Structures are given as C-alpha cells and as structure tokens.
Amino acid sequence: MKPMWGVLSALLVIICLMTQGVSQRRKINPDAPAPLTLTGAIPLLDVTGRIDHFGFDPKGRLFVSALGNNSEEIIDLSAQKVVQSITGVPTPQGVVYSPETNKLFVASGKGKVYIYDATSFSLITSIDFHDDADNLRYDPAGKLVYVGYGDDESAAIAMIDAITNKRVDEEFKLGAHPESFQLEKSGPNIFVNLPDTKQIAIVNRQTRAVSKWPITLGGNFPMALDEADHRLFVATRTPPRLAVFDTTSGRMIVTFLSVQDADDLYYDAERRRIYIPGGEGFISVFQQKDPDHYQLIAKIRTTIGARTAGYSGKVGKKAFDRFYLAIPARADHKAEVWIYTVQD
C-alpha cells in the first residue's frame, strides 16, 4: 500500500502544479487588447553587439547607447531613422539630454562622461570618473546630471553641473557599484540599486545621509518610482521578480514572477502600468490597481536578448505614446529599435 500511496501522492502534486499553472495563465485575459502593439521598426544598420540604455529629447529625438558598437546613435523619431552616429565612445551606457543647455551626456564603462553639443554633436569636454560610469539621471530644477560610477570603495553617485560642465565637489559614497537609480522630484531622496550587496540605498540630498534597505532577492538592476503613491518598483534577476517597496518604510509589499534577465523598467503613471523588458524574450506588463495591489496583464513576446528599452510618455507632437525596444543584431537580421504603440 505504501508504494501505491506514494504514486498517488506524486500524481496529486503534479495535478496541483498543473492546475496552478493554468490558473496563473488565466489571470492574463487572452481577449483583452494588448497594452503594447508593435507598429514599426527603426533599422540600426551599422550597429553590432549589445545595446544599453536610451535617452530622450522632448522635441522628438531618441538617443541609443550602442555599447558593443562603441557608438551613440541619434534617432529622429518623426522620420524614424538614424540621423547621426557618434563613434569612438568606449562602451557607452547611460545617456541623458539637458534641454536647458542643449547638451548630451554619455557615460562610458571605461569611466568617463562625454559631453556633446546636441546640435552639432561635437565633443565639448569629458570628465574622468576613473571607473565604470554607468547610469545617468538629469535634474532639470538644479540643472545637474547625476552619475552612478565606481565599485566598492570608489562607488558613488556624483554630480555634473550641466551649465559649467564641471564636476561638483560633493558626492555620495555607496560602498558598492550603483545600477539604476531614481530621483524624487518633490522630495530629497535618491533610491539606488546595489545588486552586489543585495541592497537599496537611500540618499538624502538635503541631509547628505545615506541609509540602506537589505533585500532577499538578487540581481536588482532596474527600478522605477511612483513618487505620488510612495512606491518603488524593482526588477530582480535571481529569481526573476517584480518587487514593490513602500518608500516611506522600506517594506517590501509584494513580489511577482516576471521576465528573466531584465535591464530596464518603466512606470506609466497615466495608465498606472509597469513595463519590464527582459532578455528572455518578453515584456512583462503589470497593472497597478492601487498602491498595494497589482496584476500581470500581459506577457508580450519579443526576441531573445531584447532587454533594454525607452519610455517617457508622449514625445514631441505625437498623438500616441510609444515604447521603444532595443533589438540586438542577430545572425539573420540587423539591429533595430522596435516601436510599440501604447494602448489605453
């Protein structure tokens, strides 16, 4: 009897797991309209290798860091084509545009931040941070470019004055390499992912204090901020999850299974949606019902390796929101930027 009960128990476990899988799939309504619809593609004919982060010009330009190609690609979104390529940038990573100064800032994995005139794209100057200049963020109120750079003792968030092109003397030491970070607009805080130590750092720009939240999940690279509702969204890789944190307490509210190998994450405040592209070949889309409740509403198939994207709401005079996804070159196809129209 014991062997028979063992077989029956195993069968019950399998049936239970299969039922859970069906239940999870049913949560995504197959009859509902897709939140993102693929509507076009912009060829990157001369780009090979890995593609990293995106930046936007409100007047309608997209900046793409072609890390493996050592170039920064400038795309006219109205014409849907590359209009300029800045070559000779070693492993470009983060990129931001300053509308007030009409300058483009590009961070290099070799340690420098390059500053360009955003009309002629001639190099104005470069600032050497010596070690892995990565993510960049722009504060229009202070006209400051924030730079995540370094490793271990050298790791910090530094600042560049976008008007003078000079490095600000002060910086915020972190003790581990900073990945994605987000600036509060109405508050003093900077939230920083530290995947090497499984932590999120909180930098107070007024008091200069740095505190840290330990997290149990690993590979916390991308993040986005819902400042109005005091929620921080973090995508992790080990295991692949979307984690939601309360920014007032540091408490992790909920986690969800998400796409693997995520490197970008965007929060659509107008629709209260979260978009996470991953190298697994999908975009996970979550709907925020309220600050404490979320639902996976779509798993949009893309292609293997497509893990970086750009989204900033409406750009230029376009009537529709667009979501832009980097598609690295494959054996049978050139690199592209896929254009998705965001559906209400």
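Here are some exercises with worked solutions on the structure above.

The model is predicted, so local features need pLDDT of at least 70 and side-chain atom pairs count only at pLDDT 80 or more, while totals for chains, interfaces and linings use all residues. Residues are numbered from 1 along each chain as its sequence is written, and side-chain values use heavy atoms, with hydrogens and water left out.

**Exercise 1: salt bridges**

Task: Find which residue meets Asp229 in a salt bridge, and work out why the pair ties together parts apart in sequence.

Solution:

Step 1. Start with the criterion: a salt bridge is a side-chain nitrogen of Lys or Arg within 4 Å of a carboxyl oxygen of Asp or Glu. The whole structure holds 14 salt bridges.

Step 2. The partner of Asp229 is Arg272, with 2.9 Å from N to O.

Step 3. Now place both residues. Asp229 sits in the loop between β19 (223-226) and β20 (231-237), and Arg272 in the loop between β23 (266-268) and β24 (273-278), so the pair joins parts that are 43 residues apart in sequence. Strands here are DSSP runs (E, at least two residues), numbered from the N terminus.

Step 4. Check the surroundings of Arg272: its relative accessibility is 28%, so it counts as partly exposed. Under 20% relative accessible area would be buried and over 50% exposed, with partly exposed in between (1.4 Å probe, protein chains only).

**Exercise 2: are the charged partners buried or exposed?**

Task: Decide whether Asp246 and Arg231 are buried or exposed, then do likewise for Asp268 and Arg271.

Solution:

Step 1. The side chains of Asp246 and Arg231 form a salt bridge at 3.6 Å, N to O. This pair links strand β21 (residues 240-246), which holds Asp246, to strand β20, which holds Arg231, 15 residues apart.

Step 2. Asp246 has a relative accessible area of 11%, so it is buried. Arg231, at 9%, is buried too.

Step 3. Asp268 and Arg271 meet in a salt bridge at 3.0 Å, N to O, and both are buried.

Step 4. To round off the charges, look for a network: salt bridges link Arg237, Asp261, Asp263 and Arg307.

**Exercise 3: hairpins and a core**

Task: Trace how β8 pairs with β7 and with β9, then list residues with the most contacts inside the largest nonpolar core.

Solution:

Step 1. Two strands pair if DSSP finds at least two bridges between them. Strands β7 (residues 103-108) and β8 (residues 112-117) are antiparallel, with five bridges, and Val106 stands opposite Tyr114 in β8.

Step 2. Their hairpin has three residues between the strands, and Gly111 takes a positive phi near 115° there.

Step 3. On to β9 (residues 123-128), which pairs with β8 in the antiparallel sense over five bridges. Tyr116 stands opposite Leu123 in β9. This hairpin has five residues between the strands, and Phe121 takes a positive phi near 60°.

Step 4. A nonpolar core is a set of buried Ala, Val, Leu, Ile, Met, Phe, Trp, Tyr and Cys residues joined through side-chain atoms within 4.5 Å. The largest such core has 17 residues, and those with the most contacts inside it are Phe105, Val113, Phe129, Leu136, Val145, Val147 and Ile160. At least two residues of this core come from each of β7, β8, β10 (136-139), β11 (144-149) and β12 (156-161).

**Exercise 4: aromatic pairs**

Task: Classify the ring pairs Tyr266 with Phe323 and Tyr275 with Tyr311.

Solution:

Step 1. Rings of Phe, Tyr and Trp (its six-membered ring) pair if their centres lie within 6.5 Å; planes under 30 degrees apart count as stacked, over 60 as edge-to-face and the rest as tilted. The whole structure has 13 aromatic pairs.

Step 2. Tyr266 and Phe323 have ring centres 6.3 Å apart and planes at 90°, so this pair is edge-to-face. Tyr266 lies in strand β23 and Phe323 in strand β28, so parts 57 residues apart in sequence are tied together.

Step 3. Tyr275 and Tyr311 have centres 5.6 Å apart and planes at 70°, so this pair is edge-to-face. Tyr275 is buried at 0% relative accessibility, and Tyr311 is buried at 8%.

Step 4. Put the rings together: Tyr266, Tyr275, Tyr311, Phe323 and Tyr340 form one aromatic cluster.

Note on methods:
Helix = DSSP H or I, 4+ residues; strand = E, 2+ residues; numbered from the N terminus.
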